[in-house]
Amino acid sequence: WLGEANQQNGREGIAELNRALELNPNSSIVRGLRGMYFQRTGNHRDALTEFQVGASLDPQNPARFVSLGDAYALTGDLVLALEPFQYATLLAPDDATYWRALADFCGRQGIHLNDIGIPAAQRAVILTPDDSRSEDLLGWLWYLDGGFLESERHLLRALQLDSQNDSAYLH
């Protein structure tokens with residue numbers, strides 16, 4: 001955690017992260033922190049490796065798989081990136097966080113909007129009916145898919161739930 005804190009405060013941090021790895025190479029937390037370090041420095045290949053190891057060490061943690069999906073996407077492999085996002089929703093089917101992550105991935109990448117992204121965002125809305133973020137995400141995906149009436153309905157609902165939701169105004 002010292003390495004992460006140092007990086008967050010503008011210092012390098014890798015020496016502490018390397019020391020943590022020496023002390024416990026089987027820690028999914030250390031692997032995740034190293035993965036974030038490498039992502040921030042633009043070293044997406046090493047980030048991917050760290051997130052792969054982290055997910056293998058903690059296979060029941062959906063957050064590890066979201067990180068892995070992001071890492072695959074940053075290396076340009078969208079086919080492999082989708083699977084960890086979907087797996088995270090299987091691990092935590094009642095947690096809207098992971099459904100939003102899957103839907104957001106589809107929207108950011110412009111893939112599988114209608115068959116995966118929108119249904120994932122709809123699931124997030126069902127799980128958190130009073131969450132402006134979920135409504136905003138669903139509205140944005142409908143917009144990207146050309147469903148403008150549905151988009152408007154969900155974006156207005158997002159603003160009704162949180163009039164300070166900048167993302168909903170943007171979308």
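These questions and answers look at a helix pair, a buried residue and a nonpolar core.

Trainee: What kind of model is this, and where does residue numbering start?
Mentor: The model is predicted: local features need pLDDT of at least 70, side-chain atom pairs count only at pLDDT 80 or more, and totals for chains, interfaces and linings use all residues. Side-chain values use heavy atoms, without hydrogens and water, and residues in each chain are numbered from 1.

Trainee: Are helix 3 and helix 4 roughly parallel or roughly antiparallel?
Mentor: Helix 3 (residues 28-40) and helix 4 (residues 44-57) pack with their axes 8 Å apart, at an angle of about 160 degrees. Angles over 145 degrees count as roughly antiparallel, under 35 as roughly parallel, 65 to 115 as roughly perpendicular and the rest as oblique. Therefore helix 3 and helix 4 are roughly antiparallel.

Trainee: Is Glu50 buried or exposed?
Mentor: Glu50 lies in helix 4. It touches Arg31, Arg34, Gly35 and Phe38, not counting residues up to four places away in sequence; contact means heavy atoms within 4.5 Å. Buried means under 20% relative accessible area, exposed over 50%, partly exposed in between (1.4 Å probe, protein chains only). Because its relative accessibility is 5%, Glu50 counts as buried.

Trainee: How far apart in space are Glu50 and Arg31?
Mentor: In sequence, 19 residues separate them. C-alpha to C-alpha, Glu50 and Arg31 are apart by 5.1 Å.

Trainee: Which helix gives the most to the largest nonpolar core?
Mentor: A nonpolar core joins buried Ala, Val, Leu, Ile, Met, Phe, Trp, Tyr and Cys residues through side-chain atoms within 4.5 Å. The largest has 41 residues, and Leu68, Leu102, Phe105 and Leu141 have the most contacts inside it. With 8 residues, the top contributor is helix 7.

How values were computed: Axes fitted to C-alpha atoms, helices over the stretch in contact; angles between N-to-C directions. Helix = DSSP H or I, 4+ residues; strand = E, 2+ residues; numbered from the N terminus.
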